[in-house]
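The following note sets out numbered remarks on the structure shown below. Each point takes up one element, residue or feature in turn.

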Amino acid sequence: MEPDMKSKEFIAELSEHMEWTPKEVSNTLVELCDIVGSGLVNNDTVYLQGLGQFEVKKKTERISVNPTNGKRYLVPPKLVPIFKPGKTIKNRLKEMGNNE
C-alpha cells in the first residue's frame, strides 16, 4: 500500500503554506527529525503541541514460534519508538469518522 502523500508532495505543500522555498522546508524537516531522533536516543519524551508525543518504550523479551518449522526461539528485549497523537489530531480523526 502506497502512502497518500509522499515526502516531496508534503514539502511542496508545506512550502506553499509557509511561503518558504522547498529547500528551506526540507532543511527544517531534516533538523526537526535530528532533534526528535536525538531526544529519543537520550530516552527523552518529545512533545509537539498540536501533533503529539514521541517516546521510547522497552519491549520485553518474548518467545516466538517459527511457523515454517515450529521451532521456538527467544526474541530479546528492544527499544522501540512510539507516537501518541495529541488531542487535536484525535479530535480531527474522530470528526472524520463521524462524517463517514
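1. Contact, as the word is used in this note, means heavy atoms within 4.5 Å. The structure under review is a predicted model, and the remarks that follow should be read accordingly.

2. Phe 10 is a suitable place to begin. This residue belongs to helix 1. Once the neighbours within four places in sequence are left aside, Phe 10 is in contact with Met 5 and Leu 29. Its relative accessibility is 38%, so Phe 10 counts as partly exposed, given that buried requires under 20% and exposed over 50%. Between the C-alpha atoms of Phe 10 and Pro 22, which are 12 residues apart along the chain, the separation is 9.7 Å.

3. The length of helix 1 is consistent with its residue count. With 12 residues at 1.5 Å a residue, helix 1 should span 16 Å, and the C-alpha atoms at its ends are indeed 16 Å apart. Just after helix 1 comes Glu 19, with a positive phi of about 60°.

4. Glu 19 deserves a separate remark. The residue sits in the loop between helix 1 and helix 2. Its phi, near 60°, is a positive value in a residue other than glycine. At 73% relative accessibility, Glu 19 counts as exposed.

5. Helix 2, residues 22-41, passes the corresponding length check. Its 20 residues, at 1.5 Å each, should span 28 Å, and the distance between the end C-alpha atoms is 28 Å, in agreement. Which residues of helix 2 are buried? They are Val 25, Val 36, Gly 39 and Leu 40. Viewed down the helix axis, the buried residues of helix 2 fall within an arc of 100°, and therefore line one face of the helix. An α-helix has 3.6 residues a turn, so residues three or four places apart point the same way.

6. The two sides of helix 2 may be considered together. The buried residues of helix 2 pack against helix 1 (7-18), strand 1 (46-48), strand 2 (52-59) and strand 5 (78-85). On the face of helix 2 turned away from its buried side are the exposed residues Lys 23 and Val 41.

7. Two further residues of helix 2 are noted for their accessibility. Cys 33 is found in helix 2 and is exposed, its relative accessible area being 53%. The C-alpha atoms of Cys 33 and Thr 68, 35 residues apart along the chain, are separated by 38 Å. Val 30 is also found in helix 2; with a relative accessible area of 44%, Val 30 is partly exposed. In sequence Val 30 and Lys 87 are 57 residues apart, and in space they are 25 Å apart, C-alpha to C-alpha.

8. The residue Asn 43 comes just after helix 2, in the loop between helix 2 and strand 1. Asn 43 has a positive phi of about 65° although it is not a glycine. With a relative accessible area of 56%, Asn 43 is exposed.

9. How much space lies in the largest pocket? The volume is about 290 Å³. The lining of the largest pocket consists of Met 5, Phe 10, Glu 13, Leu 14, His 17, Met 18, Trp 20, Val 25, Thr 28, Leu 29, Leu 32 and Cys 33. Helix 1 and helix 2 are the elements that give two or more residues to this lining. Phe 10, discussed in point 2, is thus among the lining residues, as are its contacts Met 5 and Leu 29.

10. The count of aromatic pairs comes to 1. The ring centres of Phe 54 and Phe 83 are 4.9 Å apart and the ring planes stand at 45°, so the pair is tilted; planes under 30 degrees apart would count as stacked and over 60 as edge-to-face. The pair links distant parts of the chain, with Phe 54 in strand 2 and Phe 83 in strand 5, 29 residues apart. Phe 83 has a relative accessible area of 37% and is partly exposed.

11. Finally, is Ser 64 buried or exposed? Ser 64 is buried, at a relative accessible area of 16%. The residue lies in strand 3 (residues 62-65). Not counting residues up to four places away in sequence, Ser 64 touches Lys 71, Arg 72, Tyr 73 and Val 75.

Key
Residues are numbered from 1 along each chain as its sequence is written. This is a predicted model: local features need pLDDT of at least 70, side-chain atom pairs count only at pLDDT 80 or more; totals for chains, interfaces and linings use all residues. Side-chain values use heavy atoms; hydrogens and water are left out. Helices (H or I, at least four residues) and strands (E, at least two) are DSSP runs, numbered from the N terminus. The expected span of a helix is 1.5 Å times one less than its number of residues. Buried means under 20% relative accessible area, exposed over 50%, partly exposed in between (1.4 Å probe, protein chains only). The arc is that of the directions from the helix axis to the C-beta atoms. Rings of Phe, Tyr and Trp (its six-membered ring) pair if their centres lie within 6.5 Å; planes under 30 degrees apart count as stacked, over 60 as edge-to-face and the rest as tilted. On a 1 Å grid over the protein atoms alone, a cavity is a set of points where a 1.4 Å probe fits but cannot get out, and a pocket is an open set with protein on both sides within 12 Å along at least five of seven lines; lining residues have an atom within 4 Å of a point. Grid points are joined across faces, edges and corners, and a volume is the space filled by probe spheres set on the points.
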